[in-house]
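I opened my notebook for a quiet look at aromatic rings and surface charge. Here is what I went through, with the structure alongside.

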Amino acid sequence: MKKLLVSIVLVFTLSAVTSYFVADPTVSIVEAKEKKKKSFALTWKGFKKRWKKEANSYQGLGKLGKIKNEAVDQTNMGPTKIGKIKDNIYVGMNTNRDADGDFGFVSVSGRLMYGDSKKAIKNNDNVRLALGLAILTADPNLSHKKRESIMNDKLKIFKTLEDREKRTYSYKGITYEVSYKDKVGGGPLTLKIIEE
């Protein structure tokens with residue numbers, strides 16, 4: 001009886017020790033999700049550098065590759081950096097939604113012009129190309145094919161939007177939203193990229 005009792009105590013002790021050293025599978029799943037989200041972290045400087053790299057890798061986009069620092073606005077989410085790409089085209093990025101400065105929000109906006117003049121066509125093409133460049137820049141973890149699909153198939157940024165129309169697409173923790181507001185002479189076309 002004494003040997004049986006010692007055996008039972010030994011089995012329980014070994015199982016307790018073993019369970020202590022074996023990783024809980026639910027913990028590793030949560031950690032993997034957190035690490036994946038952290039890989040999207042991006043500073044303003046890093047965003048501008050990647051923006052320029054993407055712009056230079058496409059013929060005709062190099063002219064949109066430089067973002068000039070304009071201002072820093074304090075918001076509820078933290079400081080938002082604002083840069084100028086070209087006349088009428090601006091980019092804003094929140095770089096401190098979390099305490100460690102993770103990416104939280106990027107917005108690119110440009111004013112579309114009415115008419116068929118060369119100036120209006122060039123301006124409107126640049127605005128749409130800048131929105132596409134933001135999608136190409138924002139998440140480097142996506143394949144080139146997927147980024148182009150978001151730009152062309154899901155948001156259709158090169159197709160006309162009606163006044164106050166919004167097109168939204170969410171993928172892997174990121175929401176992409178393009179919208180247009182019609183105003184006299186043309187209005188702003190805006191893309192927002194938001195970490196969920």
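**Aromatic rings, then charge**

I began with burial: Phe 47 and Trp 51 are both buried. I kept in mind that I was reading a predicted model.

Next I looked up the figure for Phe 47, whose relative accessible area is 0%. With burial set at under 20%, Phe 47 is therefore buried. Phe 47 and Trp 51 have ring centres 5.7 Å apart and planes at 45°, so I noted the pair as tilted. Along the chain, Phe 47 and Trp 51 are four residues apart in helix H3, about one helical turn.

Then I turned to Trp 44. Trp 44 has 7% relative accessibility, so I put this residue down as buried too. Helix H3 covers residues 44–56 and holds both Trp 44 and Phe 47, which are three residues apart, about one turn of the helix.

How many aromatic pairs are there by the ring-centre rule? I found three aromatic pairs. One of them joins Trp 44 and Phe 47: the ring centres are 6.3 Å apart and the planes are at 15°, so I called this pair stacked. I drew Trp 44, Phe 47 and Trp 51 together as one aromatic cluster.

My last stop was charge on the surface. I marked a positive patch formed by Arg 111, Arg 164, Lys 166, Lys 181 and Lys 183. From that patch I picked Lys 166 and placed it in strand E5, residues 166–171. Is Lys 166 buried or exposed? Its relative accessible area is 56%, so I wrote Lys 166 down as exposed.

Conventions: Residues are numbered from 1 along each chain as its sequence is written. This is a predicted model: local features need pLDDT of at least 70, side-chain atom pairs count only at pLDDT 80 or more; totals for chains, interfaces and linings use all residues. Side-chain values use heavy atoms; hydrogens and water are left out. Patches are made of residues with over 30% relative accessible area and no salt bridge: like charges are joined within 9 Å, nonpolar side chains (Val, Leu, Ile, Met, Phe, Trp, Tyr) within 5 Å. Accessible areas come from the Shrake-Rupley method with a 1.4 Å probe; for residues, only the protein chains shown count as cover. A salt bridge is a side-chain nitrogen of Lys or Arg within 4 Å of a carboxyl oxygen of Asp or Glu. Lys and Arg count as positive and Asp and Glu as negative; His and the chain ends are not counted. The place of a charge is taken as NZ of Lys, CZ of Arg, CG of Asp or CD of Glu. Helices (H or I, at least four residues) and strands (E, at least two) are DSSP runs, numbered from the N terminus. Buried means under 20% relative accessible area, exposed over 50%, partly exposed in between (1.4 Å probe, protein chains only). Rings of Phe, Tyr and Trp (its six-membered ring) pair if their centres lie within 6.5 Å; planes under 30 degrees apart count as stacked, over 60 as edge-to-face and the rest as tilted.
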